[in-house]
Amino acid sequence: FPLYWIVSTSFKPESMIMQKPIRYWPSTATFDNYVNAWKNVGFERYFINSFSIAICVAFFVMLMSILVAYPLTRFRFKGKKATVLVLLCTQFIPRSMLLIPLFMIFKLMNLINSPVALVISYVTFGLPFNALLMRGFLSSIPVALEEAAMIDGCSRLQSIWYVILPILVPACVACASFAFIDSWKEFLFAIMFINRPANMTIPVGLNYMIGEYTINYGTLAAGAVIAIIPPMILFSFIQKYLVGGLSAGSVKG
């Protein structure tokens with residue numbers, strides 16, 4: 001019902017939103033709220049910023065998850081169990097605890113008001129979970145496949161590229177999707193590290209649409225609908241890969 005109410009409000013004229021008795025669907029639908037949000041409020045810029053950051057985060061998290069998970073499943077070395085334990089323990093640390101230290105670090109690096117600060121933060125916090133997910137998937141792939149490829153003349157990198165990566169497609173899609181959605185909806189770091197309107201993301205843009213004395217509910221609802229559409233489209237296309245990646249990575253053997 002909240003989703004329905006947002007969509008319904010986004011098509012209502014401003015005079016009809018607060019009207020009583022309540023209308024659950026506008027008698028005359030209008031797209032003015034979407035035009036106002038996209039052009040006048042600046043959602044076009046917010047959308048591009050959020051999408052660019054989310055794509056970068058998804059790529060780096062997926063790539064680094066493979067680089068972390070592969071040695072944890074294929075090699076024996078001292079500190080292997082401790083590494084996995086550290087990755088698990090990071091999931092118990094609230095992100096807000098590291099907000100001030102990260103702000104000071106990015107300030108010294110002149111990265112405040114830069115999308116790079118958000119990319120670094122999101123990759124850092126998204127990597128442990130996705131690396132563990134990728135590790136579970138890699139554990140279910142027999143080592144014999146790589147050994148057979150190397151017997152046929154492949155190097156280890158070639159066996160990973162030609163044998164392992166095609167099998168890892170569901171896990172890669174799952175990791176990239178989680179990283180994309182996590183960065184798309186993140187608000188706390190975005191509002192702390194970015195205060196320049198040209199670099200704001202969608203969650204921060206929605207927050208700044210709430211004025212001190214007035215709120216344009218129609219435009220705000222239209223902006224919320226715009227923010228919801230990309231994740232819905234993403235999951236509609238990758239649902240089978242997402243379920244396959246999660247289920248395959250949940251068991252070993």
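Two residues are in contact when heavy atoms of theirs lie within 4.5 Å. Among contacts in the chain with a separation of 6 or more, 73% are between residues 24 or more positions apart. The model is a predicted one.

**Overall build**

The chain holds 13 helices and 0 strands. Read from the N terminus, its elements therefore run as α-α-α-α-α-α-α-α-α-α-α-α-α, given that helices and strands are DSSP runs numbered from that end. The C-alpha trace spans about 75 × 45 × 30 Å along its principal axes. Of the 253 residues in the chain, 42% are buried. The area that the chain exposes is about 14400 Å², with 70% of it supplied by carbon and sulfur atoms.

**Helix 4 and helix 10**

A search of the whole structure gives 18 aromatic pairs. One of them joins Phe51 and Phe180, whose ring centres are 6.1 Å apart and whose planes stand at 75 degrees, an edge-to-face arrangement. Phe51 belongs to helix 4 (residues 43-74) and Phe180 to helix 10 (residues 169-185), so this pair ties together parts that are 129 residues apart in sequence. The two partners differ in accessibility class: Phe51 is partly exposed at 38% relative accessibility, while Phe180 is buried at 6%. Both rings are members of one aromatic cluster, made up of Trp38, Phe47, Phe51, Phe180 and Trp184.

Ala58 is another residue of helix 4. Its relative accessible area is 9%, and because buried means under 20%, Ala58 falls in that class. Apart from neighbours within four places in sequence, Ala58 is in contact with Ala176, Ala179 and Phe180. Phe180 thus appears both in the contacts of Ala58 and in the aromatic pair with Phe51. What separates the C-alpha atoms of Ala58 and Gly126? The distance between them is 9.1 Å, and the two residues are 68 residues apart along the chain.

**Salt bridges**

The count of salt bridges comes to 5. Three of them are listed here.

| Basic residue | Acidic residue | N to O distance |
|---|---|---|
| Arg95 | Asp182 | 2.6 Å |
| Lys185 | Asp182 | 3.6 Å |
| Arg156 | Glu146 | 4.0 Å |

In the bridge between Arg95 and Asp182, the closest N and O atoms are 2.6 Å apart. This pair links distant parts of the chain, with Arg95 in the loop between helix 5 (80-89) and helix 6 (99-108) and Asp182 in helix 10, 87 residues apart. Arg95 is partly exposed, at 25% relative accessibility. Asp182, at 17%, counts as buried.

Asp182 also forms a salt bridge with Lys185, where the closest N and O atoms are 3.6 Å apart. Lys185 and Asp182 are 3 residues apart in helix 10, so about one helical turn separates them. Is Lys185 buried or exposed? With a relative accessibility of 54%, Lys185 counts as exposed.

Elsewhere, the side chains of Arg156 and Glu146 meet in a salt bridge at 4.0 Å, N to O. Here too distant parts of the chain are linked: Arg156 is in helix 9 (residues 156-167) and Glu146 in helix 8 (residues 143-151), 10 residues apart. Arg156 has a relative accessible area of 34% and is partly exposed, whereas Glu146 is buried at 1% relative accessibility.

**N-terminal surface patch**

Phe1, Tyr4, Val7, Ile22, Tyr24 and Trp25 make a nonpolar surface patch of about 650 Å². Among these residues, Val7 is placed in helix 1 (residues 2-10). Val7 is partly exposed, with a relative accessible area of 32%. Patches are made of residues with over 30% relative accessible area, so Val7 passes that cut-off at 32%.

**Recurring residues**

Phe180 and Asp182 both lie in helix 10. Phe180 takes part in the aromatic cluster that also includes Trp38, Phe47 and Trp184. Asp182 has a bridge to Arg95 and a bridge to Lys185.

Technical notes. Residues numbered from 1 in each chain as written. Predicted model: local features only at pLDDT ≥ 70, side-chain atom pairs only at ≥ 80, totals over all residues. Heavy atoms only, no water. Patch = residues over 30% accessible without salt bridge, like charges linked within 9 Å, V, L, I, M, F, W, Y side chains within 5 Å. Areas by Shrake-Rupley, 256 points an atom, 1.4 Å probe, with all protein chains shown as cover. Helix = DSSP H or I, 4+ residues; strand = E, 2+ residues; numbered from the N terminus. Buried < 20%, exposed > 50% of the residue type's maximum accessible area, 1.4 Å probe, protein only. Phe/Tyr/Trp six-rings, centres within 6.5 Å; stacked < 30°, edge-to-face > 60°.
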